Amino acid sequence: VWFGGNKIISGTFQVGQLMSFITYITQILMSLMMLSMTIMTFSRAEASSERILEVLNTEVDIIDSPAAKGRNIFVKKGTLTFENVSFKYHPDSAEYVLKNINLTIKAGQTQAIIGATGSAKTTLVELIPRLYDVSQGRILVDEVDVRDYTLENLRAAICLVLQQNELFSGTIAENLRWGNPNASDEDIINAAKDAQADDFIMSFPKKYETILGQSGVNVSGGQKQRMCLARAILRKPVILILDDSTSAVDTATEAKIRKSFSSHLRDTTIIIIAQRISSIQLADNIVILHDGEIIGSGTHDELMKTNPVYQEIYYSQELKEPAGI
């Protein structure tokens, strides 16, 4: 522009020539910038593709054993036995997350697990459907090692309801049918009633045909948990695992849900992980986990008499002081 301006002033250069020169130079610079951006994009894409392929090419380490495929057995009763079970997430880890767990849960029994955050409660129940495999010992379902079932047969009999569950885009009825695709409308309504979800579902203008947003963004946390419970009930599992799945539900509603379990899931083995003692008081057996170890086991009344940790949890929640303190 400087040199071109001087030439225009001296009469040796045209204004149009200078503008053409600037336009062409700008186009060349833009092309070079686009080329450099393309080169940078390719280098980023190469690094990203390596990471994606690393995940896609990772071999699954929890698979069906040849013996399991040959036997093709099914879970029928739901009796659970933990025999000297220890677990760590990585084989080279020095510390075990679970240590020498011995526990028997009879078919149709309600087993509760309580403990501080980080005591490996969730890890313990995730070993049952083989989301992880034990490092030592074994877990038996109906006196058969879980590794001797095919994953399909084992997980078909187990339903795991977590504190944070997923709802999908679609109607409420479609979401509940994930538990049982062949369920009738009557089955869906009965399951929703058992989970104390029918009342709020019927309050919606379109009732069971109400459209849910992705992850159930248009319902509350408690409503979402109750719909996930209804989905689990609809499946009629042999073993039902509830991992703090009523944390967003009030105590009165939770009591009604427990009552429906005792009526309509009488033959189902139920494992409850909870933080509130009111949720597990009526369980057949309560286990206290601390730092991956069982430090107490028994009914509510037995633990109140013998276990200081359980007493401390109870009094802290009931806002009462222990006798003599």
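In this predicted model, aspartate 185 and arginine 177 are joined by a salt bridge between their side chains, with an N to O distance of 2.8 Å. The two partners do not share one exposure class. Aspartate 185 has a relative accessibility of 54% and counts as exposed, because the cut-off for that class is over 50%. Arginine 177 has a relative accessible area of 24% and is partly exposed.

**Salt bridges**

The count of salt bridges comes to five. Two further examples are described here. Glutamate 83 pairs with arginine 138, and their closest N and O atoms are 2.8 Å apart. This pair links distant parts of the chain, since glutamate 83 belongs to strand S1 (residues 80–87), arginine 138 belongs to strand S4 (residues 136–141), and the two are 55 residues apart. Glutamate 83 is partly exposed, at a relative accessible area of 27%. Arginine 138 is partly exposed as well, at 36%.

Arginine 130 forms a salt bridge with aspartate 133, and here too the closest N and O atoms lie 2.8 Å apart. Is arginine 130 buried or exposed? Its relative accessibility is 3%, so arginine 130 counts as buried, the limit for that class being under 20%. Its partner, aspartate 133, is partly exposed, with a relative accessible area of 23%.

**The cavity**

Aspartate 133 also appears in the lining of the largest cavity, together with Leu127, Tyr132, Val134, Ile139, Asp145, Val146 and Arg147. How many cavities of 30 Å³ or more are counted? The count comes to one. The volume of the largest cavity is about 30 Å³. By class, its lining residues divide into five nonpolar and three charged, with no polar residue.

**Pockets**

The largest pocket has a volume of about 470 Å³. Its lining is made up of 18 residues, and those nearest the centre are Ile158, Cys159, Leu160, Asn165 and Arg235. Two elements each give two or more residues to this lining: strand S6 (158–161) and helix H9 (221–235).

The second largest pocket has a volume of about 410 Å³. It is lined by 21 residues, of which Thr110, Arg258, Lys259, Leu282 and Ala283 are the closest to its centre. Helix H10 (251–264) and strand S10 (269–273) are the elements that give two or more residues to the lining of the second largest pocket. Which element gives the most to that lining? H10 does, with seven residues.

The table sets out the residue classes in the two pocket linings.

| Lining | Nonpolar | Polar | Charged |
|---|---|---|---|
| Largest pocket | 11 residues | three residues | four residues |
| Second largest pocket | eight residues | eight residues | five residues |

In the second largest pocket, the nonpolar and polar classes each have eight residues. In the largest pocket, the lining has 11 nonpolar residues and three polar ones.

**A nonpolar surface patch**

Seven named residues form a nonpolar patch on the surface: Phe21, Ile25, Ile28, Leu29, Leu32, Leu35 and Ile39. Together they have about 690 Å² of accessible area. One of them, isoleucine 25, lies in helix H2, which covers residues 15–56. Isoleucine 25 has a relative accessible area of 36% and is partly exposed. That value fits its place in the patch, because patch residues must have over 30% relative accessible area.

**Two buried residues and their distances**

Alanine 173 is part of helix H6 (residues 172–176). With a relative accessibility of 6%, alanine 173 counts as buried. Leucine 162 is 11 residues away from alanine 173 along the chain, and the C-alpha atoms of the two are separated by 20 Å.

Glycine 296 is part of strand S12 (residues 293–298). Glycine 296 is buried too, at a relative accessible area of 10%. What distance separates the C-alpha atoms of glycine 296 and valine 309? They are separated by 8.5 Å, while the two residues are 13 residues apart along the chain.

Notes: Residues are numbered from 1 along each chain as its sequence is written. This is a predicted model: local features need pLDDT of at least 70, side-chain atom pairs count only at pLDDT 80 or more; totals for chains, interfaces and linings use all residues. Side-chain values use heavy atoms; hydrogens and water are left out. On a 1 Å grid over the protein atoms alone, a cavity is a set of points where a 1.4 Å probe fits but cannot get out, and a pocket is an open set with protein on both sides within 12 Å along at least five of seven lines; lining residues have an atom within 4 Å of a point. Grid points are joined across faces, edges and corners, and a volume is the space filled by probe spheres set on the points. Ala, Val, Leu, Ile, Met, Phe, Trp, Tyr, Cys and Pro count as nonpolar, Asp, Glu, Lys and Arg as charged, and the others, Gly among them, as polar. A salt bridge is a side-chain nitrogen of Lys or Arg within 4 Å of a carboxyl oxygen of Asp or Glu. Helices (H or I, at least four residues) and strands (E, at least two) are DSSP runs, numbered from the N terminus. Buried means under 20% relative accessible area, exposed over 50%, partly exposed in between (1.4 Å probe, protein chains only). Patches are made of residues with over 30% relative accessible area and no salt bridge: like charges are joined within 9 Å, nonpolar side chains (Val, Leu, Ile, Met, Phe, Trp, Tyr) within 5 Å. Accessible areas come from the Shrake-Rupley method with a 1.4 Å probe; for residues, only the protein chains shown count as cover.
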